[in-house]
Amino acid sequence: MYTQALDSPAAGADEGSEERERLERFQARIDRDEKIEPKDWMPEAYRQTLIRQIAQHAHSEIVGMLPEGNWITRAPSLRRKAVLIAKVQDEGGHGMYLYSAAETLGVARGDLIEQLLSGRAKYSSIFNYPTLTWADIGAIGWLVDGAAIMNQVPLCRCSYGPYARAMVRICKEESFHQRQGYELMLTLARGSEAQHAMAQDALNRWWWPSLMMFGPNDAHSVHTAQSMRWKIKRFTNDELRQKFIDVTVPQAEYLGLTVPDPDLRWDQTSEHYRFGEIDWSEFQAVLKGEGPCNRERLEARRAAHENGRWVREAAVAYAAKHQAPAHRAQAGAGALS
C-alpha cells in the first residue's frame, strides 16, 4: 500500500525487470541498516510479514493483561496491588503502540481486533496457562517478561522504523516488569517454607512454556530465514532461547530454586547450558486452541469488547457532532465565495 500504488511502472515498461531492480534497491537499504518508513516502497511480502508479526505481538500484549489482571483484587498488600495495576496498564499501552505501528502498514486496527476476537489471529501461547497462585505473578514477571525482553530488545533495531521506535519504550517498561517479578520471587523464595514451595511450584509450571515463547526450533521455523534477511529479526529462535537459559539459570540458583530439567548442565566447552527436549506437541496443541485457558481468554476479550461498545459509539457520535459545525462553516464559506 501507500507508495506502491504511486510508484506503478509506466505503460509498456519492463515490469519484471523494474520489479527486480526495486527489490535489489530495497535489500541494499536493508543491508546498509537503513530504516524503512511507511511511505517508502516495500515488497508486499515484507509488508505482510510485518503485519503478521506486529499484530501477533499486539494481541499478545492485550491478552497478556488477563492472567495478571485476575490477581489485582487478591494482591497481598497495597504496594503489590499498585505495582500490578501499573504493570497491567503498561501492557494495555504496549498493545496500543503496536496496533498503531501496524496501522502504518495500511491495515485497520478494527480488522486486527476482529481477527483476534474471531480466533483467526495468533497470540503468544504462554498466555493460555492459568495463574494458580500469587507466585505465578512473580514467575510471569521474571520468566515470561524476561523471555519477552530477550526477544524484543533486538527489535529496537528492526528494519521497519515505526516498529523499532515503538519497541524502545516497550522494552524499557518490560525491564521494569522483569525486575518486579524477580523481586517478588526473591521475597517468596526467602520467606517461609510454604512460600518457598509456592515459588518452586510456579517455576516448575512456567519454565517450559517460557522456553516455548521463542517459537519452534530453527529447523522448523517457517519465517525465520526471510525475516533475518530483511532484518525484521536479528537472532534466530534457538539463539534467543539459549541466551535466555544462560541468563536465567544462574538467577534461579541465586533464588535457591531448582530449574525443572533433569538434563540441564553447564557445558564448559561451549560455555552454554545444555537442556532437555521441549515438548513441542504441547506447544502445537496450545497454538491450535487446546491450551488450558484458550477459550477462557478469548471469551474474556469478547466480553470486554462488547461491554465497551457504548464507549466506542459515544466517541464516534461525539466526533461527528463536533465535525458538523466545521463542515457547515466550510459549506457557507464556499457559497459566499
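Helix 5 and helix 6 are oblique to each other in this predicted model, since helix 5, covering residues 78-103, and helix 6, covering residues 109-118, pack at an angle of about 120°, a value that is neither over 145 degrees, as a roughly antiparallel pair would need, nor within the 65 to 115 degrees that count as roughly perpendicular. The axes of helix 5 and helix 6 lie 9 Å apart. On the side of helix 5 the contact is made by Met96, Tyr99, Ser100, Ala102 and Glu103, and these meet Arg109, Leu112, Ile113 and Leu116 in helix 6. By residue class, this contact of helix 5 with helix 6 divides into six nonpolar, one polar and two charged residues.

A second helix pair brings in helix 7, residues 135-152, and helix 11, residues 237-255. Helix 7 and helix 11 pack at an angle of about 145°, with 10 Å between their axes, and their crossing is right-handed. Helix 7 contributes Trp142, Leu143, Gly146, Ala147, Met150 and Asn151 to the contact, while helix 11 contributes Leu240, Lys243, Phe244, Val247, Thr248, Gln251, Ala252 and Leu255. The residues of this contact of helix 7 with helix 11 comprise nine nonpolar, four polar and one charged.

Helix 11 can also be followed for its own sake. Its 19 residues should span 27 Å at 1.5 Å a residue, and the C-alpha atoms at its ends are 27 Å apart, which agrees with that expectation. The buried residues of helix 11 are Asn237, Leu240, Arg241, Gln242, Phe244, Ile245, Asp246, Thr248, Val249, Ala252 and Leu255; of these, Leu240, Phe244, Thr248, Ala252 and Leu255 also take part in the contact with helix 7. What covers the buried residues of helix 11 includes, besides helix 7, helix 8 (161-189), helix 9 (193-212), helix 10 (224-229), strand 2 and helix 12 (280-290). After helix 11 comes Gly256, whose phi is positive, near 80°.

Helix 9, one of the elements that cover helix 11, holds Gln200. Gln200 counts as buried because its relative accessibility is 15%, which falls under the 20% limit for that class. Leaving aside residues up to four places away in sequence, Gln200 touches Leu257 and Thr258.

Two further places deserve attention for their backbone. Most residues other than glycine have a negative phi. Asp33, however, has a positive phi of about 65° although it is not a glycine, and this residue is placed in the loop between helix 2 (15-31) and helix 3 (44-63). With a relative accessibility of 44%, Asp33 counts as partly exposed, because that class lies between the 20% limit for buried residues and the 50% limit for exposed ones. Glu271 likewise is not a glycine and yet has a positive phi, of about 60°; Glu271 is found in the loop between strand 1 (265-267) and strand 2 (272-274), and strand 2 is among the elements that cover the buried residues of helix 11.

These details can be set against the chain as a whole. The secondary structure of the protein chain comes to 14 helices and two strands, and its C-alpha trace spans about 85 × 50 × 30 Å along the principal axes. Of the 337 residues in the chain, 45% are buried. Among contacts between residues at least 6 apart in sequence, 76% join residues at least 24 apart.

Key:
Residues are numbered from 1 along each chain as its sequence is written. This is a predicted model: local features need pLDDT of at least 70, side-chain atom pairs count only at pLDDT 80 or more; totals for chains, interfaces and linings use all residues. Side-chain values use heavy atoms; hydrogens and water are left out. Helices (H or I, at least four residues) and strands (E, at least two) are DSSP runs, numbered from the N terminus. Buried means under 20% relative accessible area, exposed over 50%, partly exposed in between (1.4 Å probe, protein chains only). Axes are lines fitted to C-alpha atoms, for helices over the stretch in contact, and angles run from 0 to 180 degrees between N-to-C directions. Angles under 35 degrees count as roughly parallel, over 145 as roughly antiparallel, 65 to 115 as roughly perpendicular and the rest as oblique. Contact means heavy atoms within 4.5 Å. Ala, Val, Leu, Ile, Met, Phe, Trp, Tyr, Cys and Pro count as nonpolar, Asp, Glu, Lys and Arg as charged, and the others, Gly among them, as polar. The expected span of a helix is 1.5 Å times one less than its number of residues. A crossing is left-handed if the near helix is turned anticlockwise from the far one by less than a right angle, and right-handed if clockwise.
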